[in-house]
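Okay, thanks for making time, everyone. Let me put the structure up and then walk through what I found.

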Amino acid sequence: MIAFIARRLGISVFVLLAATIIIYVMTALSGDPLADLRQEQGPDREEKMRVRSERMNLDVPIPVRYLQWLGGLLSGDLGVNREGQSVAIILGNALSATLQLVVAATVMAMLIGITVGIISALRQYSGFDYTVTFMAFIAFSLPLFWLAVMLKQYIAIEFNTWLRDPVIDPPVIVVVSLISGLTWGALTVGTQKARLTSFAIGAAVAAVFLTFLSATRWFADPGLGTVVIGLLAFGTAVGVTALFAGLQYRGPLYAALAAAGVGTALSAVMPGLLVDPTWLELFGLLLLTVAVCVGLGYALGGLQRRQAVTASVLTGVVTAGLIFMDALLNAFSAYSRRMRGRPIATIGSNTPNFRGDFWQLTLDSATHLLLPTMALILISLATYTRYSRASMLEVMNQDYVRTARAKGLPERTVIVKHAFRNGMIPITTLIAFDFAGVIGGAVVTESVFGWKGMGNMFLEGLRTVDPAPVMAFFIVTGGAIVICNMLADILYAYLDPRIRLS
Amino acid sequence: MTLSVSAPSGDAQGMTIVARTQGQLVRRRFFQHKAAMAGLTVLLAIVVLAFTSVGFGPFDGWWKYNWTQTGTVVNGGQPTLTLWPFSLGEHPFGQDNVGKDYFALVMRGAQQSLLVAFLVGIVATTVGTLVGSLSGYFRKWTEAVLMRWTDVMITIPVLLIAAIVGRMAGGSGIIVLGLALGLVIWPQLGRLVRGEVLSLREREFVEAARAIGTRPRRIIFKHILPNTLGIIIVSATLTIANAILLESALSFLGVGVQPPDISLGQLISFYQGAMLTRPWLFWWPGVFIIAIALSINFIGDGLRDAFDPRQNRVRA
C-alpha cells in the first residue's frame, strides 16, 4: 500500500512536471505581455515597459524563464504577477472561495445524483426513470454559463423581489403539487389504483404544505421550530432504521427513536446555548452527538448492535443538522433586513466589510454560495445519475443478487447489502474523473458570479499573458486531480479486494 | 446485400427469415431509435436553416438581412416571431441596440459554432484513433511514449488547456481555433480506442493475418479499426456535442471565437449586459446551443444502442 502510494506519487510528480512545461510555454507564447503598454501614450511608457520586462524576466528566453519559475516553486515561491503582487497571497485569498464552491457542489451532486440514479435503476422503465433520463440529457446539453446567468436573473433577482411579499400564487401551488403527485405516482409500483392513490396523496400533501407556508409567510421569517424538528427527526429515525436494519427488529428502532427524542428535546434549549458559537465548538458538539448516539445504539441495540449504532448515529447527525439549520434560518430575517431585503446575493463570495455573529456570517456565505453551487451541481449531477443507474442495473443482474434473492433474503437486504455496495465500486473512479470537470465549471461559474476565486486568477493571468498566476492555478488543480485519482484507486482496491495495488 | 433464406422450419410456420449484414442491423436499429431520429431531424433542420438563411461563403442566403448591416430599431427591437398564427414578421428574433437583425446574427453564430464543433470532432477523432491504435498495436516504446503523453494531457483540466489554446488561436479565425482545440481534447478518445485495440490484437483473426505475413498497416486499418468503428463513431458524436459546449464556454470567457467572427457563446457573452432590457438577445443563442447539443447527444445515444444492443436488455 505504502509502496503503491510512493510509486504513484513519484510518477505523478513527473507527469505534473511535464504538464507545467506545456502550460508555461503555451501561456508565455499566447500573446504579447506588453500589448497594453504599447498602446499607451505618455512620457513614462518606456519606463513602465522596462519595469515590467524586468519583473517578468522578458529579456531571457522562455525556457530559462520556466527554469527560474521552477526553481522558485521548488523553494516554495510561486513568484509575482506582472503587477508585482505575490501570487501566493492572491492564491491564499482565492483558494478558500473556490474550495467552498467546488466541495459543496461535488458533495451535493454526489448525494443527489447517486440517490436519484439508484431509485431510477430500481424503478427501471417507469415514468420516473424516463423523466430522469430525459432530464439528464438536458443537463448534459446545457451550457453552464447560460444556466448561471438564468439563475442569477430568475432565482436571485425575482426571488428577492418576491421575498418582500412572500405569498405563493395559487397557480404555482397547483403546478408544484401536480409535479409532486406525478413524482410519487411514477415511483409507485403496483396497480393503477395504487398509483392514483399515491398521486393524490403526494399532490395533496404538497398543496397543504405550500398553502401553509404561503399563509404564514414562512419565507419572510423562516425557521423550523421544535415540532417540525421533532417530526423530521422521528421520520428520519424510522426511515434510517428501515433502510439499515429493517423494522422487524426492535433494538435498532428503539435506539434510533431514542436518538431522535434526545435531539428533539435538546432542540428546545439549543438556540439559547448557541448564541455565537465557533466552528470548532460546533464540531465538538457533533463529536459529542456521535458519542452519545453510539452509546444509545450500544445500550439499546440488543442482538442487532452494529445496525443499531449505525441507525442511531445517522439519526443523531441528521437531527443535529436540523437544529443547525433551524438556528441558521432563525437568523435569516435579521440578515435579510441588513441586506435591505435582498438576501440572495448575485456577486462575489461574501459581502464586503460584513460583520456580525457566527450565524450572520454563515448565512452570508451560504446566500453567496447558493446560486453558483446550484449551477455547478448541474454538470456533475447528470453524470452521477447516469453512472450510478447503469452501475446499479449491471449489479442487479449479477448472479450473487439472484442467489441472495433465492435464499430468501428480504429485498432491503438484497439492495442495501448486496447490490448497493458493489454498485458503488465503479462510481469511485467517476469521482476523480468528474472533479476535473467541476474545476473547469468553477472557472465559468466564478466568471458569471464575479467571484474573486482561482478561476478569476487564472483568466486574469491568461488575459494579461502572465504565466505565474496561470501556473499557480494549475499546480493546485492538477495536484488535486492527481490526488483524487490516487484516492479513487485506493478506494477501489479497498472496496474490491480482488484488485491488488501494485 | 440482403439474402433471403427461407429455412424449412421457418417456412412451415409462415415466417421468412432475412439474413442481414452487421451494417444493416446497425442501421435498422438506429433508424428505429425514436429519440435519435428526432435528434437527427432537429439537427438537420438547424444546419439547413443556418447555412441557407444568411448564406455561406460565396453563396447568398434567402434571408433579407445580413449579420453586419445595422438599421433602425423598430419597437425597441422586440422579436416579431409569433407561433400561432405562424408568422416571421420583420425581425423574428428581434434586433440589438444598433438595429442589427438578430435572426441573421444567430444564424451566422450557429454556422460558425457548428463548424468549430465538427472540426474539433474530426480532428480529435482522427488523432485519438491514430494514437490509440498505434500505441495499442505496437506496444513497447511507441505505447510508452504515446501513453505518457496522454497521461500528461489528462492531468490538465480540459477547460484550462482549451482556454490557453483558445487565447492563442482565437484571433486567427475559427478554422485555426477548431483545429487547435481538436489537438488538445483527443486523449480521452485515444485511451478508449487503445483499450479496444489491445483486446482485438490478441484475437485469432488478427493472429491469422499476422501469420500469413500481412503488414501492420493493413492489419490496423483492415482488420482492427473496422471492429472498433462503433466505439469511435459514438465517441466522435459525443465529442462534437461537448465541443459545442466547450466552444461556447470559451467564447463566453472571451478566449474563444473573436470578432469579427460570431459564435453562439460569443453572442451570449456580448449581450449578457442586455439581459434586463432585451432578454431575447440572451435567449435565442442559448436555445440554439441547447437544441444542437441535445440533438447530437440523442444521436449519440441512438448510435450507442445501435452498435451495442446488449445495453438495452431488459434486466430483472
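**Walking through the model**

Let's start with a single residue: A:V465 counts as buried, because its relative accessibility is 2% and the cut-off for buried is under 20%. Before I go further, keep in mind that this is a predicted model. Back to A:V465, which sits in the loop between α19 (454-463) and α20 (467-495) of chain A. Its backbone is a bit of an oddity, with a positive phi of about 50 degrees although the residue is not a glycine.

There's another residue like that, A:Y125, where phi is positive at about 60 degrees and, again, we're not looking at a glycine. You'll find A:Y125 in the loop between α5 (87-122) and α6 (127-141) of chain A. So is A:Y125 buried, exposed or partly exposed? A:Y125 comes out as partly exposed, with a relative accessibility of 34%.

One more backbone item, this time in chain B. B:P259 and B:P260 are joined by a cis peptide bond, with omega at about 10 degrees. B:P260 belongs to the loop between α10 and α11 of chain B.

Okay, the core. Which residues touch the most other members of the largest nonpolar core? Those are A:F145 and A:F458, in a core of 148 residues. Chain B is in there too: helix α4 (residues 102-138) of chain B gives the largest share of this core, 13 residues. If you click on A:F145 and skip its neighbours within four places in sequence, you get contacts with A:V444 and A:V448 from chain A, plus B:S248, B:A249, B:F252, B:G265, B:I268 and B:I289 from chain B. Apart from that core there's another one, of 19 residues, including A:L274, A:I323, A:L329 and A:M339.

That brings us to the interface. Here 42 residues of chain B are in contact with 49 residues of chain A. The buried area between the two chains is about 4,100 Å², and carbon and sulfur atoms give 76% of that. How many salt bridges does the rule find across the interface of chain B and chain A? Zero. As for polar contacts, seven residue pairs are counted between chain B and chain A, both residues at pLDDT 80 or more. On the chain B side, the elements giving two or more residues are α5 (140-155), α6 (158-169), α10 (216-253), α11 (264-270) and α12 (280-307). The largest share of that side comes from α12(B), with eleven residues.

Now the layout of chain A. It's divided into domain 1 (2-90 + 458-495), domain 2 (167-216) and domain 3 (222-340). Taken over C-alpha atoms, the centres of domain 2 and domain 3 of chain A are 28 Å apart.

Last, two polar residues in chain A. A:H368 is in helix α15 (residues 358-396) of chain A. With a relative accessible area of 4%, A:H368 is buried. What does A:H368 touch, not counting residues up to four places away in sequence? The list is A:Y335, A:A345, A:I347, A:G348, A:S349, A:N350, A:T351 and A:W451.

The other one is A:S177, in helix α8 (residues 170-187) of chain A. A:S177 is buried as well, at 6% relative accessible area. Leaving aside neighbours within four places in sequence, A:S177 is in contact with A:A203, A:A206 and A:A207.

Definitions and conventions:
Residues are numbered from 1 along each chain as its sequence is written. Chains are lettered from A and ligands numbered from 1 in the order in which they are written. This is a predicted model: local features need pLDDT of at least 70, side-chain atom pairs count only at pLDDT 80 or more; totals for chains, interfaces and linings use all residues. Side-chain values use heavy atoms; hydrogens and water are left out. A nonpolar core is a set of buried Ala, Val, Leu, Ile, Met, Phe, Trp, Tyr and Cys residues joined through side-chain atoms within 4.5 Å. Buried means under 20% relative accessible area, exposed over 50%, partly exposed in between (1.4 Å probe, protein chains only). Helices (H or I, at least four residues) and strands (E, at least two) are DSSP runs, numbered from the N terminus. Contact means heavy atoms within 4.5 Å. Domain bounds come from an automatic or database domain assignment. Buried area is the accessible area (1.4 Å probe) that two parts lose on being put together, summed over both. A salt bridge is a side-chain nitrogen of Lys or Arg within 4 Å of a carboxyl oxygen of Asp or Glu. A polar contact is a pair of N or O atoms within 3.5 Å; within protein, one must be able to donate a hydrogen and the other to accept it, and residues adjacent in sequence count only if both atoms are side-chain atoms.
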